[in-house]
Every structure is written in C-alpha cells, then in structure tokens.
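Here are my notes on the model, set out as numbered points for reading beside the coordinates. Please keep in mind throughout that this is a predicted model.

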Amino acid sequence: RRNCRGNPNCLVGIGEHVWLGEIDENSFHNIDDPNCERRKKNAFVGLTNLGATCYVNTFLQMWFLNLELRQALYLCPSEYAAGEGIPKDKDYEPQTICEHLQYLFALLQNSKRRYIDPSGFVKALGLDTGQQQDAQEFSKLFMSLLEDTLSKQKNPDVRNIVQKQFCGEYAYVTVCNQCGRESKLVSKFYELELNIQGHKQLTDCITEFLKEEKLEGDNRYFCETCQSKQNATRKIRLLSLPCTLNLQLMRFVFDRQTGHKKKLNTYIGFSELLDMEPFMEQKNGVYVYELSAVLIHRGVSAYSGHYIAHVKDPQTGEWYKFNDEDIEKMEGKKLQLGIEEDLAEPSKSQTRKPKCGKGTHCSRNAYMLVYRLQTREKSLTIEVPAFLQELVERDNCKFEEWCNEMAEMRKQSVARGKIKHEEVKELYKRLPAEAGSPYDFISLEWLQKWLDESTPPKPIDNTACLCSHGKLHPDKISIMKRISEYVADFFYRRYGGGPRLNVKALCKECVVERCRILRLKNQLNEDYKTVTNLLKMTVKGNDGFWVGKASLRSWRQLALEQLNEQDEDTEHSNGKMNGNAQNKDESNEEKREEEEELNFNEDIVCPHG
C-alpha cells in the first residue's frame, strides 16, 4: 500500500514491508560468498583480464600446459632459491621475465584461488592493458624474448628449451632451369604461417606453403654457375620439425582497398591427428602429431573481439576451454568448438558450416593450431620447486585471510541485521500514537532511512521543519509523521539529534497568521463581486474619485500579490529551512521594485502627484 504523504498519521508504505515477516539473512549484506573465489577440486586456475589482455591469457594457459616448458622454467635459478629465501616482511617482486613466468606458473599450479592476477607479468612486458595487440605478433615476440633470456642459463635443459620445443628447420631451395644448379638457404622457424585464402582444409594450406614458385621475367634468379640471370623455381623444403608444431592461420590480412587489416571468416577444417610425413624431405622419421590446442578469436573485426583457448591437458587427455577467469571442462575428452562458431555476428554472405567427420573439426575463428608429436612416453609429473612453493603458500595464506575477513564481515552484517530486524518488528507495532497519548513529530525522510536496511541512520535532524519562531512550521506537516512518545524516546536515546517536536511544538502564531491571510484571500473574491456590481452604477453629481482603468483591471491581482508576499514572508522567514533564503529575499526585493512602479492608481498620476 502507498503512503498518504499529506497525512502525518499514515505510517504505511514507508519501507516497513521489508522487515515484517521472515527475512533471508543474505539480504543483510551485499558481500558475495568468498568461497565462490576458491578453486574447485581438480580444476585449473583462471587469469584475470586486465582490460584487453585476453590474448596474453590464452598463450599463458597454453604454455603452462606445455609440461616440458614449465619444467625448464622451474629449473631457472632465482636469487632467492640459492640465498636465504624471501624475507617474510617483503612482497616478492620478480625481476626477470623468467622469474615472472615461473611464479605465474607456480600459482597456476598450486594456488587456492579460482583465478590469479597476471598484472606483474604484463607490466614487465610493458604491454598496454587497454589495447589489444596482434596475438600472433605477441606470441612471436615473446618466444624470441624468452629464448634470448634463457640463452644465458648454464643448464642446457633450460637454455635450449625453446629450440627443443618449438624450433624446426626448413630450406629455401632455388633450382636454375638452365643448368639445374640447386642453391639452399637453411632457416629456423618457430611456427609455420599458412595462408588460408581459397582453402578449406589445413593440409591444402600446408601444400600451398611448400608449393614451387616460378622465378621469371623481372624476378629471374642470378645463377652462380651460369653467371647470369636465369629462369628458376623456388620452394620450401621441411628439414626437421619440433615437438610442438605451431601453425598460424593467417586470418588477419592487409586489405589493400581500405588500407586496414581485415579478418577472414572462412571455415578451415583440421583433424585431431596430423601426419606430416608427406610434407617432409626425409621420409624416415616419426611425424604423426596430435592436436593439443586451438586458439580462437571471437568477433568479426581484426581490431577487436575476444580471445579464448581450447587446450588439452597432457596428463589426462581432457579438453578445457580457457576464457580468462572462467575455465570449462569439455565432456567426454572431446574438443567442442561448436558454440564458438555460432558467436560470430552473422553477415550477409554467411557461409554454411561444412560437415566434419569423426576426429576432424571446422572453424572460422581458429587463428592458431598447436600440434604435439605423438609419443608413447608417460607425461611428466612436475613438482613446484621449494622456493616457489613457499611463495605460493604465502599467497594462499593471504587468500585465506581475505576469505576469513569477508566471512567475518558477512557475519557481522547478518548479526547487525538480525538486531535491527528485532528492533523494527518491536518498534513498528508501537509506532502509531494512540488517541490522547503523548506524541512526537519526526521527519518522514529519517523514518525511511531507519527502515532502509542498508544504511544505519544519522542523528535525527528536524531543523528543516522549523518556522521563524523555532517551532514546527504548519506547511511542513506533510513531510513529518506523528509517532508515539515511547518510540521517539527510543530513537533519540539510540540515534540522538533534535530538536524534539512534541505536542507543544505546533506554532500557534504561524497558524493564526496563515488563517488571517487565507481569510483575506477568500474575502477578496467576495469583494471583487461587490466592486464589480458597484461599478455598474452611474455616479450622480460631483462625488467620487478618479481611478485609472489599468488599476481597475488589476486591483484584485495587486491585492493578491501583496497577500502572497506576506504569506511567503511567513514561510521563508526561517533561514535554516532554506539554504538559499537570502536569494529568495533578493528576488522578493526585485518583485517589490517592479510593484512599486505599479501601485494602485499610479497609472494616472502626473509628475506633480
């Protein structure tokens, strides 16, 4: 039910319904359960997105699940590992990229938090958290930075990990058509960059990458043997492949017409097993790879969108979707990209998703595929080194303290809420003043605040309702409520404030003055009729007065303005009631000046009166 605002006795609909009846104790606080932030059993740990750093998070999770890389990073000596350990009173601040990465990996492995904050790592790389970088560029630059940093390590397992894991070799082979001379330029690669335009299958993209090109016309090749420019053919031959094969699908291409990058949203099919033998120069090795990660870019534009990663856990063979703080395990050890493909906004030239057989997948959003060499070996079990584990435990202690603090705050809020609940239930019953019993006036706004569960009320402040005589202004009754003296005593005892406005606080002088003005206003209507009738009579002889026509038209208006002014004077005489009372006085003066020019009959008076 609504509150009758003009009626000081109406105490319904001022916020009491929240308290009457049973209350769920969770409504007494707005603190989420801290245990929601706790890592679940056998779950992976997420990474906070710091604005536009989802592309970094996807790579971190993928590298974390490369067990050999993680192991090597854990073997990186830290000054703390050798020395005294980290002083208890100081926060750990990693100095090098390796230290940042090994600390992040240790937290991803053994933290109790549901997700951790990678801002130290991102800051160390000097990345702008608000700007999305080119993910493929980032991965290349970071790998070369890591390789460079690790090259100073003494332990060869650590020093060579990037080459061992990610580095393969190919040769640019050029053959002279004239003499058949073959020249080779051997080069290292950390990923193969595959053009996808015009292709439907990954294997077609690899075939095109190795395709022979003709060097003719202006492009002819200078042959050492012939000592002249000759027509020739050039192609790439794969010499050796790494354990982890990174295949970059060139989805983001430069559009010559617009001068900007654009994203190709074409479907590319790829299988869970990839046999690279047909593409190799030497056919006598083991070249069967299995899919271990798919990096996805959701969105139509090359300049925005969201990055996520589907990565296979090498220890269990389960697939997980890593999306910043949230990680979802896929059913039945299967990679499921279905939902990712529906998320791109539909365009007019919507291509239908091709059918995929068993063990194959199709994606128009995958921009990087990671394959791992198939091996029989059992996957590694990796322990976090002692000095890193100590840091992780320290962070876990901080987390537990935070959880306890939040739980305690929740408990206190609930306890306060329960006390308040009892207080309101008890007092609301006794709020109405019974007939003939002593009562107090109290501000409706304050009562509503008292009933608003979220804010403990401030002291009672009735100054805004006082008249110039320091009593309750008759016009302010509509924003006051009349309550029993018993409840008022309780309120002033507990919350303080004032001044108290009891039965004696009603201001007789203001009421009398208001009544006088109201009577005159009513009388004015009667007088107007009388004067109008009198004016219809013709004046005999020389008796009577000269009155200006304009004054006759406006005398009632002038009288009314004069009464209103008196009325306003009684209303605004209390400076406290209106913060800008002074301005009101000024505007009244302006009005008076105008009116002084227009006093009754002044419209016909000459300068000599």
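1. I begin with one pair of residues in a sheet: Ala171 has Val186 in β4 as its bridge partner. The strands concerned, β3 (residues 168-176) and β4, pair in the antiparallel sense, and 8 bridges connect them.

2. That pairing belongs to an open sheet of 4 strands, which follow the order β4-β3-β9-β6 with antiparallel pairing. At the edges lie β4 (182-189) and β6 (213-215), each of which pairs on one side only. From one strand to the next, the twist averages 30 degrees. When following the side chains here, it may help to recall that in a regular strand they alternate between the two faces of the sheet.

3. A hairpin is formed by β17 and β18, with 2 residues between the strands, and within this hairpin Asp324 takes a positive phi near 55 degrees. Strand β17 (residues 319-323) runs antiparallel to strand β18 (residues 326-329), and the two are joined by 4 bridges. Opposite Phe322 stands Ile327 in β18.

4. Is Thr48 buried or exposed? Thr48 lies in the loop between β1 (46-47) and α1 (54-64), and it counts as buried because its relative accessibility is 18%, the cut-off being under 20%. Beyond its neighbours within four places in sequence, Thr48 is in contact with Thr53, Asn57, Tyr115, Ile116, Asp117, Pro118 and Glu325.

5. The structure holds 25 aromatic pairs. One of them is formed by Trp63 and Phe142, whose rings are stacked, at 4.9 Å centre to centre and with 20 degrees between the planes. This pair links distant parts of the chain, since Trp63 is in helix α1 and Phe142 is in helix α6 (residues 135-150), 79 residues apart. Trp63 counts as buried because its relative accessibility is 4%, and Phe142 likewise counts as buried, at 2% relative accessibility.

6. Which aromatic residues form one cluster with Trp63 and Phe142? The other members of that cluster are Tyr55, Phe59, Phe121, Phe138, Phe252, Tyr307 and Tyr367.

7. Two arginines deserve a look for their placement over tyrosine rings. Arg430 lies over the face of Tyr486, at 3.6 Å from the ring centre, while Arg482 lies over the face of Tyr439, at 4.6 Å from the ring centre.

Notes
Residues are numbered from 1 along each chain as its sequence is written. This is a predicted model: local features need pLDDT of at least 70, side-chain atom pairs count only at pLDDT 80 or more; totals for chains, interfaces and linings use all residues. Side-chain values use heavy atoms; hydrogens and water are left out. Two strands pair if DSSP finds at least two bridges between them. Buried means under 20% relative accessible area, exposed over 50%, partly exposed in between (1.4 Å probe, protein chains only). Contact means heavy atoms within 4.5 Å. Axes are lines fitted to C-alpha atoms, for helices over the stretch in contact, and angles run from 0 to 180 degrees between N-to-C directions. Rings of Phe, Tyr and Trp (its six-membered ring) pair if their centres lie within 6.5 Å; planes under 30 degrees apart count as stacked, over 60 as edge-to-face and the rest as tilted. A charge sits over a ring if NZ of Lys or CZ of Arg is within 6 Å of the ring centre and within 35 degrees of the ring normal.
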